[in-house]
Amino acid sequence: TLPDSLVSLGSYAFLNCEKLEEVLLPESLTDIGTFIFRGCINLKNVKLPSSMTTIPDGLFDSCAALESIELPSGITEIGQFAFNYCTSLKSIQLPAGVKTIKSYAFRNCASLTEIDASMATEIGAFAFQACSKLSKADIRSAGEIPAYLFSGCSLLTDLTFSDSITKIGNYAFLSCDMLPDFTIPESVKSIGDYAFAKCGALAEMTIPATVEKLGMGVFYSSVTKVTIEAPIKVLPVSFFDGCKKLAYVDLPDTLEVISTGAFSDCVLLTSVLRDSQSVKHVAATAFAGCRELENVIIGTEDTEIGAGTYYGCDAITEVVIPDSIKMIGASAFASCVSLQSVTLPDSIEHIDSGAFASCSKLITLSLPTSLKTIGDSAFSGCSRLIQIDIPKSVVYVGTDTFSGTRWLRNIDD
């Protein structure tokens with residue numbers, strides 16, 4: 001019990017008081033510090049002064065036994081870490097005057113099932129991160145969805161937000177496994193890194209023409225159908241990486257660069273572009289593991305096919321390399337088990353290690369007279385390869401280059 005004459009309570013006043021279960025803060029308090037009850041793991045009941053207007057930073061940080069609390073009606077701001085790791089907090093009613101919820105305010109409130117923050121115009125990053133039982137949230141007054149806001153909210157299904165938000169931050173919805181749909185408003189200008197990554201229930205998504213900036217891995221391991229209306233020139237790194245249910249994607253005609261791993265392991269994707277002529281550069285591993293991909297896209301300004309670009313693309317049967325290409329990178333077409341025909345131009349100078357390894361249906365191959373080096377295991381495991389002529393221009397052949405080919409077996413015989 002605190003005296004009625006108390007006017008100030010300093011920061012960390014009851015830090016790690018593990019036996020503290022109940023506190024009545026007197027109405028006389030006018031100065032309340034930060035992190036006062038941090039680590040009071042058995043604190044269950046708290047009465048706050050009615051004159052309070054702010055919940056100070058970290059006030060109840062790591063109060064693991066706190067299940068509910070009544071906030072004074074005059075509260076306008078919830079401070080950083082205010083209820084961080086209040087893992088037993090099941091419900092909380094925010095007063096109508098709350099305008100600001102700062103970063104980490106309710107992070108890891110693992111028992112919280114819903115939050116009505118409809119009056120808050122400013123919500124900080126990580127505010128509701130890892131609220132693993134949160135199924136309903138209302139943030140309709142917020143001008144943006146900040147970084148990590150709902151990251152790890154695996155049960156979130158009902159979300160109300162403004163149709164005038166301008167930004168969706170990095171990892172904003174990471175691992176929101178049950179989020180069924182999300183309409184990106186035309187007001188959005190920026191979508192951050194991995195914003196919708198691992199949102200396994202997301203189906204169709206459209207990125208409106210108003211979006212000016214896209215982060216990497218935005219749809220990592222999520223979505224089934226995507227239309228990008230934004231006139232982007234670069235599809236960022238790992239943008240659709242691991243989208244094993246992605247069967248359709250509509251990309252803009254303005255696209256010039258497909259970045260590293262952009263479509264890696266999109267195992268159902270059969271085609272990407274209606275017209276690939278606008279693409280200037282395709283980066284390494286861009287289509288690695290796209291088992292159903294039927295066509296090869298090579299950038300008009302590329303001089304090499306990057307490492308692992310088409311690794312494991314089981315459906316590709318034919319590859320025609322343009323004369324702008326001088327090098328085929330490591331494992332570029334490795335494990336393309338349906339590949340039967342490869343046309344190499346006279347511009348090719350280097351075939352790197354494992355470039356065509358385990359292309360088990362490849363039967364014949366004509367190496368150009370421009371070729372200088374053939375890397376280790378470049379054609380190893382091409383079990384049906386029966387004819388290959390190595391031109392005099394070649395100055396280096398690596399180890400196990402033709403290991404497991406019928407051609408090499410015939411030589412040995």
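**Parallel strand pairing in the predicted model**

Strand 10 and strand 11 (residues 158-161) run parallel and are joined by four bridges. Within this pairing, isoleucine 139 has phenylalanine 161 of strand 11 as its bridge partner. The structure described here is a predicted model. Strand 10, comprising residues 136-139, is also paired with strand 8 (residues 114-116), again in the parallel sense, and three bridges connect these two strands. Here alanine 137 of strand 10 stands opposite isoleucine 115. Strand 10 thus takes part in a parallel pairing with strand 8 and in another with strand 11.

Further along the chain, strands 12, 13 and 15 form an open sheet, arranged in the order 12-13-15 with parallel pairing. Its edges are occupied by strand 12 (167-168) and strand 15 (213-214), each of which pairs on one side only. Strand 13, made up of residues 190-191, runs parallel to strand 15 and is joined to it by two bridges. One residue pair can be named for this contact between strands: the bridge partner of isoleucine 191 is leucine 214, in strand 15.

Another open sheet contains five strands, in the order 21-23-25-27-29, and its pairing is likewise parallel. Strand 21 (304-305) and strand 29 (396-397) are the edge strands of this sheet, each pairing on one side only. Within the sheet, two bridges link strand 25 (residues 350-351) to strand 27 (residues 373-374) in the parallel sense. Isoleucine 351 has an isoleucine as its bridge partner, namely isoleucine 374 of strand 27.

At the level of the whole chain, the secondary structure consists of one helix and 29 strands. The C-alpha trace spans about 100 × 40 × 30 Å along its principal axes. The radius of gyration is 29 Å, whereas a compact globule of 413 residues would have a value near 22 Å. Of the contacts with a separation of 6 or more, 21% are made by residues 24 or more positions apart.

Half of the chain is shielded by the burial criterion, in that 50% of the 413 residues count as buried. The accessible surface amounts to about 17700 Å², and carbon and sulfur atoms contribute 47% of this area. Charged side chains comprise 29 positive and 47 negative groups, and the centres of the two sets lie 3 Å apart.

Two loop residues were examined for their backbone geometry. Asparagine 16, although not a glycine, has a positive phi near 60°. Asparagine 16 is located in the loop between strand 1 (8-9) and strand 2 (22-24). Because its relative accessibility is 47%, asparagine 16 counts as partly exposed. Valine 223, likewise not a glycine, has a positive phi of about 60°. This valine lies in the loop that connects strand 15 with strand 16 (225-228). Valine 223 has a relative accessible area of 1% and is therefore classed as buried, the cut-off for burial being under 20%.

Notes:
Residues are numbered from 1 along each chain as its sequence is written. This is a predicted model: local features need pLDDT of at least 70, side-chain atom pairs count only at pLDDT 80 or more; totals for chains, interfaces and linings use all residues. Side-chain values use heavy atoms; hydrogens and water are left out. Two strands pair if DSSP finds at least two bridges between them. The radius of gyration is taken over C-alpha atoms; the globule rule is 2.2 Å times the number of residues to the power 0.38. Buried means under 20% relative accessible area, exposed over 50%, partly exposed in between (1.4 Å probe, protein chains only). Contact means heavy atoms within 4.5 Å. Accessible areas come from the Shrake-Rupley method with a 1.4 Å probe; for residues, only the protein chains shown count as cover. Lys and Arg count as positive and Asp and Glu as negative; His and the chain ends are not counted. The place of a charge is taken as NZ of Lys, CZ of Arg, CG of Asp or CD of Glu.
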